[in-house]
Amino acid sequence: MRVSVLASLVLAVSLVALFAPQCQAQGWEAVAAAVASKIVGLWRDEKTELLGHECKFTVKPYLKRFQLHYKGRMWCPGWTAIRGEASTRSHSGVAGRTAQDFVRKAFQKGLISQQEANQWLNS
């Protein structure tokens, strides 16, 4: 009985090996495309407006102690050399913290008023 079970197992593995590459190739392509899309989505490179000035905003992922973190940067070329920066583990949270850092620095340098800073941060 053991010989028949072994023979059945060899036959099953052989059949799977014959037909699997065609079926799984399409599956692997879909998985690879989905994974690539997720990886590319970790980076952001955008433009935003701050009090009538065009500003740039980037997010880049990095590994720290085998955990994924994000570093955000915001700057407004043509207006000021100030750079807002923040690092967090949250992809969505890094945007808010980076903007807060930029607005705080702009307020400290006297480029914006307290009212303008509060208005922009609360919108």
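**Exercise 1. Determine how many bridges join S2 to S3 and in which sense these strands run.**

Solution. In this predicted model, S2 and S3 run antiparallel and are joined by nine bridges. One pair to locate on this ladder is lysine 60, which stands opposite lysine 71 in S3. Next, follow the chain from one strand to the other: S2 and S3 form a hairpin with two residues between them, and arginine 65 in the turn has a positive phi of about 55°.

**Exercise 2. Describe the pairing of S1 with S2, and then place both strands in the sheet.**

Solution. Begin with the pair itself: S1 and strand S2, residues 53-64, pair in the antiparallel sense over seven bridges. At one point of this pairing, leucine 50 has histidine 53 in S2 as its bridge partner, and at another, glutamate 46 stands opposite phenylalanine 57 in S2. The hairpin of S1 and S2 has two residues between the strands, and leucine 51 takes a positive phi near 50° there.

Now widen the view to the sheet, which is open and consists of four strands in the order S1-S2-S3-S4 with antiparallel pairing. Its edges are strand S1 (44-50) and strand S4 (83-88), each of which pairs on one side only. From one strand to the next, the twist averages 20°.

**Exercise 3. Identify the helix that packs on the sheet, and work out which of its residues are buried and what covers them.**

Solution. The helix is H2 (residues 93-108), which touches S1, S2, strand S3 (67-75) and S4, and whose direction makes about 145° with that of S4. As a check on its geometry, H2 has 16 residues and reaches 23 Å from its first C-alpha to its last, close to the 22 Å expected at 1.5 Å a residue.

Taking buried to mean under 20% relative accessible area, the buried residues in H2 are Val94, Ala95, Thr98, Ala99, Asp101, Phe102, Val103 and Ala106. Their cover includes S1, S2, S3 and S4, together with helix H3 (114-122). After H2 comes glycine 110, whose phi is positive, near 85°.

**Exercise 4. Find the residues that touch the most other members of the largest nonpolar core, and trace where the core comes from.**

Solution. The largest nonpolar core has 17 residues, of which Leu50, Met74 and Phe102 touch the most other members. S2, S3 and H2 each supply at least two residues of this core, and the largest share, six residues, comes from H2. Looking at leucine 50 in particular, and not counting residues up to four places away in sequence, one finds that leucine 50 touches Cys55, Met74, Trp79, Phe102, Val103 and Trp120. As background, nonpolar side chains tend to be buried together in soluble globular proteins.

**Exercise 5. Locate the disulfide, give its handedness, and state which parts of the chain the pair ties together.**

Solution. Applying a cut-off of 2.5 Å between cysteine sulfur atoms, the count comes to one disulfide. This disulfide joins cysteine 55 to cysteine 76, with an S to S distance of 1.8 Å. The torsion about their S-S bond is about 90°, so the disulfide is right-handed. Because cysteine 55 lies in strand S2 and cysteine 76 in the loop between S3 and S4, the pair ties together parts that are 21 residues apart in sequence. Both cysteine 55 and cysteine 76 are buried.

How values were computed: Residues are numbered from 1 along each chain as its sequence is written. This is a predicted model: local features need pLDDT of at least 70, side-chain atom pairs count only at pLDDT 80 or more; totals for chains, interfaces and linings use all residues. Side-chain values use heavy atoms; hydrogens and water are left out. Two strands pair if DSSP finds at least two bridges between them. Axes are lines fitted to C-alpha atoms, for helices over the stretch in contact, and angles run from 0 to 180 degrees between N-to-C directions. Contact means heavy atoms within 4.5 Å. A nonpolar core is a set of buried Ala, Val, Leu, Ile, Met, Phe, Trp, Tyr and Cys residues joined through side-chain atoms within 4.5 Å. Buried means under 20% relative accessible area, exposed over 50%, partly exposed in between (1.4 Å probe, protein chains only). The expected span of a helix is 1.5 Å times one less than its number of residues.
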